[in-house]
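Work through the exercises below with the structure open beside you. Try each task before reading its solution.

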Amino acid sequence: MTRPATGAARRRRILGENVLAYAFVLPAILVILIFQFLPGFAAVYMSLFRWDIVQGAFRGLDNYQTVLVGARAEEFWQSLSVTLTYTVITVPVEIVLSLVLAYLLFQKMRGRGIYRTLYYLPYITSVIAASVIFNWLMNPSYGLFNTILGFVGIGPQQWLDEPRGVIELIAGAFGWTLPDWSPFAAGSQFHQSILAGPSLALVGVSIYTIWHYIGFQVVIFLAGLGNISNEYYEAARLDGASERQIFTKITLPLLSPTTFFVATIATIGSLKAFNQIYAMTNGGPLETTKTLGYEIFHVFFQQGRIDLGAAMAVLLTVIILGFTVFQFRVAERRVHYG
Amino acid sequence: MKHVVLAAVALVIAFPFYWMISTAFKSFFEATQFPPTAFPHELHLENFATAWGDAPWAGFFRNTLVIGVAVTLGELVTSVLAAYAFARLEFKGKGAIFFILLATYMIPGEATLIPNFVLVTRYLHMADTLQVQIIPFLASVFSVFLLRQHFRSIPNELADAAKVDGAGHLRFLWGVVLPLSIPVLVTVTLITGLGVYDAFQWPLLVTNSDAVRPVQVGMAQFRTEFGAQYHLEMAAATFVIAPVVVIFLFAQRYLIQGVARTGIRG
């Protein structure tokens with residue numbers, strides 16, 4: 001007689017827990033579905049139509065064709081190449097610098113907290129306000145950077161207004177000219193020797209970017225260093241290993257999951273770069289700092305081509321997802337001995 | 001030797017802040033003088049008042065504050081509830097819903113930007129409001145994950161004891177779980193709040209009028225209008241940066257721990 005009663009009570013309890021759980025989950029899920037999950041698919045949908053102010057005719061993959069090989073191809077590949085160059089300049093420098101700083105900071109010492117705070121400060125300052133400071137430092141007429149260059153006998157530079165490549169500038173200072181090899185046709189605005197290197201403007205944005213993110217990477221590296229068991233170090237010291245050997249044979253290999261993690265998120269971060277580009281250069285001069293993130297904004301917002309913008313956004317997403325999945329898989333493999 | 005390297009880097013990193021403040025106190029004449037002066041010869045405190053008066057800063061800060069409070073509170077409530085359900089309740093479809101969250105976490109903001117823009121401007125007619133800067137951010141997958149992780153670590157014995165005492169889930173959540181989660185809640189609050197303070201691209205796209213624009217858009221606008229007044233520009237940058245620096249100095253423990261634990265990079 002008691003059995004069915006408890007069964008019913010149990011069922012009622014389970015039903016109650018279900019209802020409560022749905023009520024708890026609903027608000028978050030609703031917002032996430034509408035503004036974060038479904039729009040991901042909507043982007044793909046929109047990229048398949050003609051769509052400027054309103055939705056137009058179905059165009060299949062025409063927008064992708066326009067972006068990849070058609071009328072917009074030159075701008076797209078230029079911005080992709082700028083994005084990759086920007087990544088290649090910033091990420092390795094960020095990693096080496098932050099790894100060295102974290103390694104130095106990791107050892108117990110006075111003032112460690114103060115250093116960490118100072119290094120971290122740029123990361124929490126808002127991108128727009130902070131990049132305004134760098135624009136001022138790199139001002140061609142009154143900027144401090146040119147004053148400093150003057151001390152070492154180098155003439156004033158145009159910095160964020162300088163479309164010429166840094167190698168071209170250095171070569172020019174010695175009176176050399178670079179061979180005129182370029183993937184873009186002679187009449188194209190992107191025509192520049194492939195040996196010219198990134199524009200000084202892009203290097204300027206990169207200097208800011210490195211300054212902004214370094215403290216963040218230091219904190220991640222410090223956490224990674226903290227995860228390495230002290231036993232390894234003690235064993236190595238007993239065997240008479242030098243500090244240098246300890247760093248290259250123990251710290252670096254055991255830290256590699258962290259290094260890999262930092263490299264991936266730094267890469268993804270630079271693929272998405274928009275705010276600093278908008279604030280510092282607006283993609284100029286001569287589009288040498290126009291990253292893909294900025295190009296998407298330019299095409300969809302300033303030119304009103306929602307369809308082409310969506311197609312570019314989907315392409316960027318595929319690239320970013322590639323890195324994310326890569327990161328997940330490698331991280332998964334590391335967990336077993338992490 | 002180690003200290004020399006660390007201190008030199010610290011100087012380089014801190015220098016732009018010094019240069020900002022130093023320029024903010026100079027006259028225009030002194031700011032553009034060659035060679036530049038390391039310290040302002042006279043302290044032009046009025047630069048801050050001039051910069052403040054040149055644009056509707058009070059409005060920008062008020063908008064950011066309203067958006068920040070609404071988003072942070074809203075996100076805390078939705079995330080705490082969802083995280084609790086995922087951590088401590090059993091329900092049908094839990095796995096499937098959690099999978100959707102996981103998938104959402106992989107979708108970058110670049111993919112959702114354009115559809116969201118079309119949605120709020122053309123279909124929801126929310127352009128140029130404070131709501132359009134609040135509603136899309138009332139939930140965050142990241143916060144749900146972070147809180148769920150923490151809620152799971154709360155010992156089951158506490159839940160059993162609460163059940164024996166006749167406490168329902170809401171009372172257990174409010175009376176036991178939340179008080180045990182203060183540090184994580186502070187971390188979520190800080191990360192969300194700083195995120196709102198830094199918000200730029202979305203408000204730039206969906207707002208037109210100063211009445212609803214937040215601080216960072218105001219800063220970009222100020223730069224376009226008064227960009228040649230370097231001393232005023234630096235004064236404005238100073239009062240835009242100052243609030244986050246102050247908050248950071250007081251609460252850095254929570255932020256840095258949160259970052260180290262989760263590796264989130266804004």
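**Exercise 1. Find the handedness with which α3(A) passes α10(A), then describe the packing of the two helices.**

Solution. This is a predicted model, so everything here is computed from predicted atoms.
Step 1: α3(A) passes α10(A) in a right-handed crossing.
Step 2: Helix α10 covers residues 243-271 of chain A. The two helices pack at an angle of about 145°, and their axes are 9 Å apart.
Step 3: List the residues that make the contact. From α3(A), they include A:Thr83, A:Tyr86, A:Thr87 and A:Thr90. From α10(A), they include A:Phe247, A:Thr251, A:Thr259 and A:Val262.
Step 4: Sort the contact of α3(A) with α10(A) by class. It has 10 nonpolar, seven polar and one charged residues.

**Exercise 2. Decide how α3(A) and α8(A) are oriented to each other.**

Solution. Step 1: Locate the helices. In chain A, α3 spans residues 73-106 and α8 spans residues 200-226.
Step 2: Take the geometry. The axes come within 7 Å and cross at roughly 40°.
Step 3: Apply the cut-offs. Angles under 35 degrees count as roughly parallel, and 65 to 115 as roughly perpendicular. The crossing of roughly 40° fits neither class, so α3(A) and α8(A) are oblique to each other.
Step 4: Add the handedness. α3(A) passes α8(A) in a right-handed crossing.
Step 5: Check who takes part. The contact of α3(A) with α8(A) divides into 20 nonpolar, six polar and one charged residues.

**Exercise 3. Locate the cis peptide bond that joins A:Gly284 and A:Pro285, and the one that joins B:Phe34 and B:Pro35.**

Solution. Step 1: Start in chain A. The bond between A:Gly284 and A:Pro285 is cis, with omega at about -10°.
Step 2: Place the proline. A:Pro285 sits in the loop between α11 (275-280) and α12 (292-302) of chain A.
Step 3: Turn to chain B. B:Phe34 and B:Pro35 are joined by a cis peptide bond, and omega is about -10°.
Step 4: Place this proline too. B:Pro35 is in the loop between α2 (28-31) and α3 (46-54) of chain B.

**Exercise 4. A:Glu287 has a positive phi: is this residue buried or exposed? Treat B:Asp128 in the same way.**

Solution. Step 1: Check phi for A:Glu287. The value is about 60°, although the residue is not a glycine.
Step 2: Find its place. A:Glu287 lies in the loop between α11 and α12 of chain A. A:Pro285, of the cis bond, is in the loop between α11 and α12 of chain A as well.
Step 3: Count neighbours. A residue is buried if 20 or more other C-beta atoms lie within 10 Å of its own. A:Glu287 has 20 C-beta neighbours inside 10 Å, so it counts as buried.
Step 4: Move to B:Asp128. Its phi is near 60°, a positive value in a residue other than glycine. B:Asp128 is in the loop between α6 (109-123) and α7 (141-152) of chain B.
Step 5: Count again. B:Asp128 has 16 other C-beta atoms within 10 Å, so it is partly exposed.

**Exercise 5. Describe the make-up and extent of each chain.**

Solution. Step 1: Count the elements. Chain A has 13 helices and two strands. Chain B has 13 helices and zero strands.
Step 2: Test chain A against a compact globule. For 338 residues, such a globule would have a radius of gyration near 20 Å, but chain A has 26 Å. Its C-alpha trace spans about 100 × 75 × 35 Å along the principal axes.
Step 3: Test chain B. For 266 residues, the globule value would be near 18 Å, but chain B has 23 Å. Its C-alpha trace spans about 75 × 60 × 30 Å along the principal axes.
Step 4: Compute burial. In chain A, 41% of the 338 residues count as buried. In chain B, 39% of the 266 residues count as buried.
Step 5: Look at contacts with a separation of 6 or more. Residues 24 or more positions apart account for 69% of these in chain A. In chain B, they account for 75%.

**Exercise 6. How many residues of chain B are in contact with chain A, and which helix of chain B gives the most?**

Solution. Step 1: Count both sides. In chain B, 71 residues are in contact with 72 residues of chain A.
Step 2: Pick out the helix. Helix α13 (residues 230-262) of chain B gives the most to its side, with 13 residues.
Step 3: Sort the side of chain B that touches chain A. It divides into 51 nonpolar, 12 polar and eight charged residues.

Notes
Residues are numbered from 1 along each chain as its sequence is written. Chains are lettered from A and ligands numbered from 1 in the order in which they are written. This is a predicted model: local features need pLDDT of at least 70, side-chain atom pairs count only at pLDDT 80 or more; totals for chains, interfaces and linings use all residues. Two residues are in contact if their C-beta atoms, placed from the backbone, lie within 7 Å. Helices (H or I, at least four residues) and strands (E, at least two) are DSSP runs, numbered from the N terminus. Ala, Val, Leu, Ile, Met, Phe, Trp, Tyr, Cys and Pro count as nonpolar, Asp, Glu, Lys and Arg as charged, and the others, Gly among them, as polar. The radius of gyration is taken over C-alpha atoms; the globule rule is 2.2 Å times the number of residues to the power 0.38. A residue is buried if 20 or more other C-beta atoms lie within 10 Å of its own, exposed if 12 or fewer, and partly exposed in between; C-beta atoms are placed from the backbone. Axes are lines fitted to C-alpha atoms, for helices over the stretch in contact, and angles run from 0 to 180 degrees between N-to-C directions. Angles under 35 degrees count as roughly parallel, over 145 as roughly antiparallel, 65 to 115 as roughly perpendicular and the rest as oblique. A crossing is left-handed if the near helix is turned anticlockwise from the far one by less than a right angle, and right-handed if clockwise.
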